[in-house]
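Thanks for coming. I will go through one structure this morning and keep to a few parts of it.

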Amino acid sequence: MLRPYDDAPRLPAGDRVDVRTLACGEWVELEVGPGRGWFLVERAQVEQRAALIGLEIRRKWASVVDGRLRQRGLGSRARVFAEDAGVALARLGPAESVKRVFVHFPDPWWKKRHQKRLLLSDRFIDQVARLLEPGGQFFVQTDVEERAQAHAQRVGADKRFVSDGDVPDSPYVSDNPYGARSPRERRAIADGLPVHRLRWARSLLALILAATLGWSKAAQAEARIVKGPYLTGLSDSSVDVRFELDRGSPASLTVVRESDAGSRGAVFSVRDSGGMQFARAAGLQAATRYAYTVRVGGAVSGEGHFMTAPGPDSSAPINFLVYGDDRSDPTAHAVVVRAMAQLPCDFLVNTGDVVEDGSSAEDWQSFFDVEGALLRDHPIFVAIGNHELYGDLAGAGFARYLGFMDAAGVPHLYGTVRLGFVRFFFLNATHDWKSGEERDWLVRELTRADAEDGLVWRIAVTHDGPWSSGPHGGSERLNAAHVPELLAAHRIDLVLSGHDHIYVRGSAGELKYIVSGGGGAPLYPIRPDDPTARKAEATYHFVEINATADALRISARRPDGTVFDRCGFGKSRPWDCDPSPASPSGSGPREGPGERPEASRPSSRCGCRIPGAGGNSGAFPGAAFGLAALCVRRLFRRC
C-alpha cells in the first residue's frame, strides 16, 4: 500500500539527467530546498524566460508545490522534484547548463555531531560549480550570522567562484534582487531579524584555465544536432524551426524562397532554451515554397523545405495527414511514417502519445529518430497525450519539443492555429474541463472564431476524444464537462482524436469525428456496440484529409498504401459514404474465449487514465469480451 506522497514527482530514472529537459525556458535556475515553494512560484511569475527546478527532500512539499505550480499555469516552466539535493545534483547535467542556484536559509544544525548533515559541504559546492555556466550566480540567504560567515569562508576558498556582492571582493548583498521571497525570508523581515545575503559568480578565469589545461575537452568539441531540425508553428507568414544540440554553440537560420535560389536569403536569430534551439522565420509570403539552412558554429548542420500556409482570404485547397499513438514500437511506427512520406501534404496533425513515457529522454530521441526526415520538411501540430505526462505531470518535455508558442515565446500544452480557411483547436484532454484556464481559453477562442472572416472549417484535435469504439471509450472528462455540446454550439465541423489504437469514423449528434490511433502502438480490439461509429477497423494507418471550400474529403490508408475508408461531407451535411452504423463483422481484432490476437495486446505500460487522475478500465460489453477485459484491467493496473 502506498504511503502518503509516495507518488511525489521524482527525477527521471538513470545516472544522468539533462536538467534542460525538466522544464521550459531560455535558461535554467535551480532552487535547493524550496520548502513551501513560494519563492519558486513568485520567481516563475516575475521571470517568464527562466526554467525553474526545485529539489525538495520532503515528499509532501514536493507534491504540494509541484501541484500548485500546475494549478497556476506555471507547470511547463517550473517543477519541483522529491529528491535529496546532496545526491541528486551529481546526476544532473550537462556541465555549465544552469544560470542560477538558490539556497534559502540552509543548515539549521547547531551541534557538532550534526556537522555531517550540513548542506553547503565541499561536495555540494563542487557540484554547484560544475553545473553553473560561466558567470552564473550562486545565491545563499541565512538569518544566522555565524552561518553566513561560514558560508562566505567555505565558498570563498573555492577558486572557481568570485564574490559578486555590493562592493568589490565581498559576497554580501543588501537586498534580494530576484523579485521573489521565501516564507522564511518574509518572516525574518517581519520579525526585524537581519537577513544575510551572499552571492558568488562562477569564475570565468577558472573556466578559461580549465579549457587551457584540457579539463573540458568535451565542451571544446564541435556541437552537433541530436534532434531535428524540424518544423512547427506554421502560418501564412511564418514557421518555427527547432533543433536540439548536445552542447552550447552559436547557431543561425537562413530562409530563402525556392524561386530565388542562389540569393542570400534572410537570416534569423536562434534562441537557446537550455540546449533546445528555437527560431521563428517571420515576414514570409503566403502559399510560397521556401528552403532553409541551419548553421551551427558556422557550419551547415541541417537543411529542409516547407511551404507557408495560404492566406485567410485564399480559396486554395489544403491537404494534411492525421495520425497518432506512435509510442512503444519504433518498428511499426517507422512503417507508418515511411508510408506517410510517400504522399504530398502541407502539414501533419498528430493526435498524441508520441512517446511512451514523457520523462524518458530515450523515448523522445526515438520519436525524433523515426520521424526526423518527415518533420524536416513537414510542419507538425500535436495534441498532447496522457503518455506525454507519465513521469512529467507538467508536460515539460512536450512543451520543450512540441509546445504551442505564444507571442512572448512561452510554450503551452494547447493552442489554436488558422491555416487558410481552416482553424484548428488543439486541446489538452488531461485538463479538468469543468473550469479553469484551458476551458476559458477554449471558450474565448471558439467565440472569436465565430466572427472570423473567411473561415469555412473548424476542427478540434484532442488525444482522448468524446467517442470511440475501442476499450477506452469516450473521454469521461470531456463528456462530464459538456465539451461536445460546447464544440457543437460553436459549429465545430470535425473532432480528431486518438487514445484507442484503432481507426473509427463516426457521428454523434451534430458533430462528426475520426479516431486515428494506429501510428505504431500495439493495436486494440473494436468494441462492437458503439452506436456513433460508421466505420471501425483495428489496423496501423494514417488519414489523408483534403479541405476545399465545399467539402472535407478523407482517405484512411494502411501502411501498404491501400485505402480502407474513403468518405467526406459538405458544410453542415452528414457523411456522404455510409450513414449506417459500422457492422462489427470484419472491422478489427475479435476475441474468442481464452484467446486474444497478438496485435490487439496493449503495451504493459499503456495507461487508460490520465496520470494523477481518476478513470476507468473501459471494459468491453458481452461475454465474448469478458476475458479480454480482465486482461486489459491487469495490464492497465499501473494507471
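I will take one helix and then two sheets, and please keep in mind that this is a predicted model.

Start with helix 2, residues 59-71. What span should its 13 residues have at 1.5 Å a residue? The expected value is 18 Å, and the end C-alpha atoms are 18 Å apart, so the two agree. The rise is counted over one less than the number of residues, which means the last residue adds no step of its own.

Which residues of helix 2 are buried? They are W61, A62, S63, V65, D66, G67, R68 and L69. The cover over these buried residues includes helix 1, at 38-46, along with strand 3 (50-56) and strand 4 (78-82). Just after helix 2 comes G73, where phi is positive, at about 75°.

Now the sheets. As a reminder, strands of a sheet pair through backbone hydrogen bonds, either parallel or antiparallel.

The sheet I take up now is open and has four strands, in the order 14-13-17-18, with antiparallel pairing. Its edges are strand 14 (266-269) and strand 18 (299-307), each of which pairs on one side only. From one strand to the next, the twist averages 25°. Strand 17, residues 289-296, runs antiparallel to strand 18, and eight bridges join them. To pick out one position, V294 has G302 in strand 18 as its bridge partner. Helix 10, residues 361-377, packs on this sheet and touches strand 17 and strand 18. The direction of helix 10 makes about 65° with that of strand 18.

The other sheet is also open, with seven strands in the order 24-25-26-27-29-28-30, and here the pairing is mixed. Strand 24 (415-419) and strand 30 (533-537) are the edge strands, each pairing on one side only. The twist in this sheet averages 15° from one strand to the next.

Within the seven-stranded sheet, strand 28 (residues 503-508) and strand 29 (residues 511-516) run antiparallel and are joined by six bridges. One example is S507, whose bridge partner in strand 29 is K512.

What packs on this sheet? Helix 12, residues 437-450, does, touching strand 24, strand 25 (422-426) and strand 26 (457-461). The angle between the direction of helix 12 and that of strand 25 is about 175°.

That is all I have; I can go back to any part on the screen.

Note on methods: Residues numbered from 1 in each chain as written. Predicted model: local features only at pLDDT ≥ 70, side-chain atom pairs only at ≥ 80, totals over all residues. Heavy atoms only, no water. Helix = DSSP H or I, 4+ residues; strand = E, 2+ residues; numbered from the N terminus. Buried < 20%, exposed > 50% of the residue type's maximum accessible area, 1.4 Å probe, protein only. Contact = heavy atoms within 4.5 Å. Pairing = 2+ DSSP bridges. Axes fitted to C-alpha atoms, helices over the stretch in contact; angles between N-to-C directions.
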